[in-house]
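Trainee: I would like to go through the labels used for this model and hear what backs each of them.
Mentor: Then let us take them one at a time.

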Amino acid sequence: MAKAQVSPDCANAIPICNDTPVNGGTNGLGNDDFNAAETSGCLERALEGTIESNSAWYRFRTGASGQLGFNIGIDTGEDWDFALYRTNDCGALGEPIRCNFFDNQDGNAFIGVGEDPTGDDLNVQYETWLEVEPGEDYYLFINNFSNNNSGFSIQFSGQIFVTNPYDALDCSIIDNLLGPPIASCQGTIVNLDATTSNATAYNWFVDNGSGYNALVGENGTNLAVSVSGMYRVEVVRPTGNLYSDVQVAFSPTPTTNPVADDAFCEGTDFYDLSVKDMEALGVQDPNDFLVNYHETPADAANGINALPKQLEVTQGIQTIFVRVSSLDNPRCFDASQSFQIINLETPEIDFETEAYICENANGITIGENNPDPNYAYRWSTGETTPAIVVNEAGDFTLNIYNNQAGFSCENSATIRVYVSRPPVINDVLVHDLRNNNTVTVLTEDNRSLQFQIDDSPFQEANTFYEVLPGRHTINVNDPNGCGMVSEDIIVVGFPRFFTPNSDGSNDYWHIEGIETLESPVVHIFDRFGKLLTQLNENSAGWDGLLNGKPMPETDYWFKLTYTNLEGNVVEAKYINSHFSLKR
């Protein structure tokens, strides 16, 4: 391969106005361009006693305004530094406006200004973009600080080369008949034009590494070149022959191979694009080519805005455009392929997985009430609607599919359907504590129900505490929507026994708290159901006598009636209606 010219001294800096081919590296420092200074920006003296170790100097001039950067391609095992000076005088370099001296412990393939073309945004060997105006002169110092020396390449970058692809850099700084070095792609023809007034003949030569040799038969003003090399023209003139040399380097033009789509269900936040590199390269050597990925075809064609290799994925389908370019010359590229990253949402289960059918109902609707039109649905019954009507207990499984681009993400849920019915109150137990009573509601079965006394909030427990004496309403609700049952109860207090022996203590039996009722009447019976007496709220109580005669020591029964809110005389329910007479 032909090697580009290298100058170790600023005074002889190589003028460039386009991307250069691979250089032959550096060998020595030449003259000390820093005049024994200890530092220049981030650069410091090396063991040799100078800032320069193995140096190369280049200069360029801007031809337009905009964002400009450059990539210096290096061997990943070598340590290179650089500094950029904005000046047109090597004797007045000043401080560098961009400078980097980090060793290459990370094994980076590029250092420079702007963005690493591999998409590595953590590369510390990159400095920020330049914002340039036309006519600015720059000197670029590149220094090899390692024992190995595999050479380097310089590739310019930035938006300025999109807006001004032909005049981003000013080529007038190159005073050469054949112009600046030419970097082209294999398979193309480069036309060298040596047209000169007063010329009488033209002789062309090529140096492929063993000195210049004449190109037999090439004696015209132009030479069509398709092979890399150093080319020379001898222009024969009456006033003296003119010689001009130019380097022409052809870099391999890559082919981007088809890249397969990748699909996965929701849950992946980042996608490693580098896994697609070998698909895109095929049998091509990854040491010769760079694979980048872009959001748009235009970005891929222009080689700008490369996506990070660790790509943050979004939900849905992302089309990624692939660019494979030559490391020697990024203008040699193929951006003909693209692939899709399909990141589908897994359907969510946001409906109830338990349902209840009330006895004697016509069925219940289960499943998805707010279906996604992009989803497909299939039940274990064979039905394909988002929701179905069932009229019997059992398990019903719904599979939901998100199908896009030939890929599917699915989720499923089993809905268990039960038969429910209105609650039934079997008994209400009142624990008499006079002023603070406990009421427990007993139902037909042990299923979960909701209980309420009067206007208090519903509760899951079936016991109420600190219930005041008087009339109360008990509500028992089926939370599954199958109805509610209500009962009116009377909470009263009465002694479990009494001792009518005229000792002044516990001689009378009566129910306490009936004064809260409308027209209450207490009916007392013997064990055979014979009515012995009736008491109202004003009675002192039963003294244990019937027609003036003492009744025997035994158990007696009672019932309580009262007038309800509708004006009907009713019997109080759920009262433990017996007591004992003791003598």
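Trainee: How far apart are the mean positions of the positive and negative charges of the chain?
Mentor: In this predicted model, they are 14 Å apart, taken over 26 positive and 82 negative charges.

Trainee: Why is the chain called more spread out than a compact globule?
Mentor: For 583 residues the globule rule gives 25 Å, and the radius of gyration is 50 Å, well over that value, so the chain is more spread out than a compact globule. Along the principal axes, the C-alpha atoms fill a box of roughly 165 × 60 × 40 Å. The chain contains 3 helices and 45 strands.

Trainee: How much of the chain is buried, and what does the chain expose?
Mentor: Buried residues account for 44% of the 583. The exposed area is about 29,100 Å², with 45% of it supplied by carbon and sulfur atoms. As for contacts between residues at least 6 apart in sequence, 62% join residues at least 24 apart.

Trainee: What makes the pair of Tyr 356 and Tyr 418 stacked?
Mentor: The whole structure has 25 aromatic pairs. In this one the ring centres are 5.2 Å apart, which is within the 6.5 Å limit for a pair, and the planes meet at 20°, under the 30 degrees set for stacking, so the pair is stacked. Tyr 356 belongs to strand 26 (residues 354-358) and Tyr 418 to strand 31 (residues 407-420); with these positions 62 residues apart in sequence, the pair links distant parts of the chain.

Trainee: Why are Tyr 356 and Tyr 418 called partly exposed?
Mentor: Partly exposed lies between the 20% and 50% cut-offs. Tyr 356 has 24% relative accessibility, so Tyr 356 falls in that range. Tyr 418, at 31%, does so as well.

Trainee: How do you know that Trp 542 and Tyr 556 are edge-to-face?
Mentor: Their centres are 5.2 Å apart and the angle between the planes is 75°, where edge-to-face requires over 60 degrees. Trp 542 sits in the loop between strand 40 (531-535) and strand 41 (545-546), whereas Tyr 556 is in strand 43 (residues 555-563).

Trainee: What makes Trp 542 and Tyr 556 buried?
Mentor: Buried means under 20% relative accessible area. Trp 542 has 3%, so Trp 542 is buried. Tyr 556 has 1%, so the conclusion for Tyr 556 is also buried.

Trainee: Which cluster do ring pairs build with Trp 542 and Tyr 556?
Mentor: Ring pairs link these two with Phe 494, Phe 498, Trp 509, Phe 558 and Phe 579.

Terms used
Residues numbered from 1 in each chain as written. Predicted model: local features only at pLDDT ≥ 70, side-chain atom pairs only at ≥ 80, totals over all residues. Heavy atoms only, no water. Helix = DSSP H or I, 4+ residues; strand = E, 2+ residues; numbered from the N terminus. Rg over C-alpha atoms; globule rule 2.2 N^0.38 Å. Buried < 20%, exposed > 50% of the residue type's maximum accessible area, 1.4 Å probe, protein only. Contact = heavy atoms within 4.5 Å. Areas by Shrake-Rupley, 256 points an atom, 1.4 Å probe, with all protein chains shown as cover. Lys, Arg positive; Asp, Glu negative; His and termini not counted. Charge placed at Lys NZ, Arg CZ, Asp CG, Glu CD. Phe/Tyr/Trp six-rings, centres within 6.5 Å; stacked < 30°, edge-to-face > 60°.
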